[in-house]
Amino acid sequence: MSPDITAFFDDATNTISYVVRDPAGSACAIIDSVLDFDYSSGRTDTASADRIIAHVTAEGLDVQWLLESHVHADHLSAAPYLQEKLGGKIGIGDKIRVVQDTFGKVFNEGTEFQRDGSQFDRLFVEGDSFHIGQLRGDVLHTPGHTPACLTYVIGDAAFVGDTLFMPDFGTARCDFPGGSSETLFASIQKILALPDTTRIFVGHDYKAPGRDEYAWESTVGEQKAKNVHVGAGRDRDSFVKMRDERDATLAMPKLIIPSLQVNMRAGRMPPADEQGDVFLKVPVNKL
């Protein structure tokens with residue numbers, strides 16, 4: 001079955017969020033939503049999420065899932081806000097526990113921060129399946145960018161998060177704690193083993209040099225033939241060398257510090273203090 005897919009591009013973070021609908025009914029899932037955050041003022045905004053809410057409301061859709069492909073380091077998730085407004089269960093990979101343990105230490109969260117994934121409604125593992133109405137979704141564990149990265153294969157579409165980008169842009173970085181270029185290469189092979197006609201929907205786009213328009217959809221066949229990092233049969237060793245050398249030149253995402261603290265909590269802010277104020281930490285020389 002081929003799902004109906006509506007994409008929402010967030011200009012501030014180059015993130016693409018998706019509403020994935022069962023064409024036979026009103027059931028849908030929302031994948032990789034965005035909560036707007038202005039780092040210089042410390043203020044949040046829901047404009048990006050409200051665009052999705054307006055679409056869901058106008059179409060009379062029933063939100064069953066709020067899916068995260070991984071713990072994003074470049075934007076905050078709007079999943080709790082969307083859940084409050086629209087319902088649905090928040091899902092992520094079960095290796096979120098590894099991410100929570102790693103960054104719980106980085107941000108000195110103490111014992112009150114639960115590192116068991118209990119902030120989420122569903123923790124997926126390799127081979128799990130779920131339904132969006134009559135649509136079946138299957139879960140691939142595709143780590144390398146982060147330990148908890150998942151690819152959601154829903155009908156003839158695969159939502160790969162940051163694992164792959166458009167063919168002319170390549171693949172995800174692997175230099176965050178818990179990342180691995182060797183692991184990423186193996187994960188990508190799992191995606192490329194899907195049928196060539198499988199539609200690939202990426203989590204970000206930055207317009208590769210020479211391309212004037214943002215894009216977010218390709219196919220497995222196109223990725224295999226044209227991806228500048230892994231296409232045309234590129235071998236593991238050359239990929240690892242390229243990826244590691246490239247990652248060494250990259251700066252940290254500008255929203256990594258707030259994003260990790262919020263997203264490892266399923267998109268919720270840290271607990272407020274006695275006055276009801278919320279604070280985010282800035283670890284020095286830890287990332």
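Contact here means that heavy atoms lie within 4.5 Å of each other. On that basis, and leaving aside neighbours within four places in sequence, Arg-243 is in contact with Thr-171, Ala-172, Arg-173, Cys-174, Ser-181, His-229 and Leu-250. The structure is a predicted model, and what follows describes its helix packing, the buried faces of its helices and a few individual residues.

## Arg-243 and the packing of helix 4 with helix 6

Arg-243 belongs to helix 6, and its relative accessible area of 1% falls under the 20% cut-off, so that Arg-243 is buried. Between the C-alpha atoms of Arg-243 and Gly-203, which are 40 residues apart in sequence, the distance is 19 Å.

Helix 6, residues 236–247, packs with helix 4, residues 181–192, at an angle of about 125°, and the two axes are 9 Å apart. Helix 4 and helix 6 are therefore oblique to each other, and helix 4 passes helix 6 in a right-handed crossing. On the side of helix 4 the contact is formed by Ser-181, Glu-182, Leu-184, Phe-185 and Ile-188, while helix 6 brings Arg-236, Phe-239, Val-240, Arg-243 and Asp-244. Sorted by class, the residues in this contact of helix 4 with helix 6 are five nonpolar, one polar and four charged.

## Helix 1 with helix 2

Helix 1 and helix 2 also form a packed pair, with an angle of about 30° and axes 10 Å apart. That angle makes helix 1 roughly parallel to helix 2, and helix 1 passes helix 2 in a right-handed crossing. Ala-49, Asp-50, Ile-53 and Val-56 of helix 1 meet Tyr-81, Leu-82, Lys-85 and Leu-86 of helix 2. By class, this contact of helix 1 with helix 2 holds six nonpolar and two charged residues, with no polar ones.

## Buried faces of helices 2, 3 and 7

In helix 2, which spans residues 79–86, the buried residues are Ala-79, Pro-80 and Leu-82. Because these buried residues cover an arc of only 160° around the axis, they lie on the same side of helix 2. Their cover includes strand 3 (27–31), helix 1 (47–59), strand 6 (62–67) and strand 7 (89–93). Helix 2 is followed by Gly-87, which has a positive phi near 85°.

In helix 3, residues 96–106, the buried set consists of Ile-96, Val-99, Gln-100, Phe-103, Gly-104 and Val-106. This set covers an arc of only 150° around the axis, which puts its members on the same side of helix 3. An α-helix has 3.6 residues a turn, so residues three or four places apart point the same way. The buried residues of helix 3 pack against strand 7, strand 8 (122–124) and helix 7 (256–263).

Helix 7 is mostly covered, with eight of its eight residues buried. These are Ile-256, Ile-257, Pro-258, Ser-259, Leu-260, Gln-261, Val-262 and Asn-263, and the buried residues of helix 7 pack against strand 4 (36–38) and helix 3.

## Residues with positive phi

Most residues other than glycine have a negative phi, and most peptide bonds are trans. The table lists three residues that have a positive phi and are not glycine.

| Residue | Phi | Place |
|---|---|---|
| Asn-108 | near 50° | follows helix 3 |
| Ala-232 | about 55° | loop between helix 5 (220–226) and helix 6 |
| Asn-285 | about 60° | segment after helix 7 |

Ala-232 has a relative accessibility of 68% and so counts as exposed; Asn-285, at 76% relative accessibility, likewise counts as exposed.

## Asp-156 in its loop

Asp-156 is located in the loop between strand 11 (150–154) and strand 12 (157–159). With a relative accessibility of 27%, Asp-156 counts as partly exposed, since that class lies between the limits of 20% for buried and 50% for exposed. Apart from neighbours within four places in sequence, Asp-156 is in contact with Met-1, Ser-2, Pro-3, Thr-197, Thr-198 and Arg-199. The C-alpha atom of Asp-156 is separated by 22 Å from that of Val-56, which is 100 residues away along the chain; Val-56 is one of the helix 1 residues in the contact with helix 2.

Technical notes
Residues are numbered from 1 along each chain as its sequence is written. This is a predicted model: local features need pLDDT of at least 70, side-chain atom pairs count only at pLDDT 80 or more; totals for chains, interfaces and linings use all residues. Side-chain values use heavy atoms; hydrogens and water are left out. Axes are lines fitted to C-alpha atoms, for helices over the stretch in contact, and angles run from 0 to 180 degrees between N-to-C directions. Helices (H or I, at least four residues) and strands (E, at least two) are DSSP runs, numbered from the N terminus. Angles under 35 degrees count as roughly parallel, over 145 as roughly antiparallel, 65 to 115 as roughly perpendicular and the rest as oblique. A crossing is left-handed if the near helix is turned anticlockwise from the far one by less than a right angle, and right-handed if clockwise. Ala, Val, Leu, Ile, Met, Phe, Trp, Tyr, Cys and Pro count as nonpolar, Asp, Glu, Lys and Arg as charged, and the others, Gly among them, as polar. Buried means under 20% relative accessible area, exposed over 50%, partly exposed in between (1.4 Å probe, protein chains only). The arc is that of the directions from the helix axis to the C-beta atoms.
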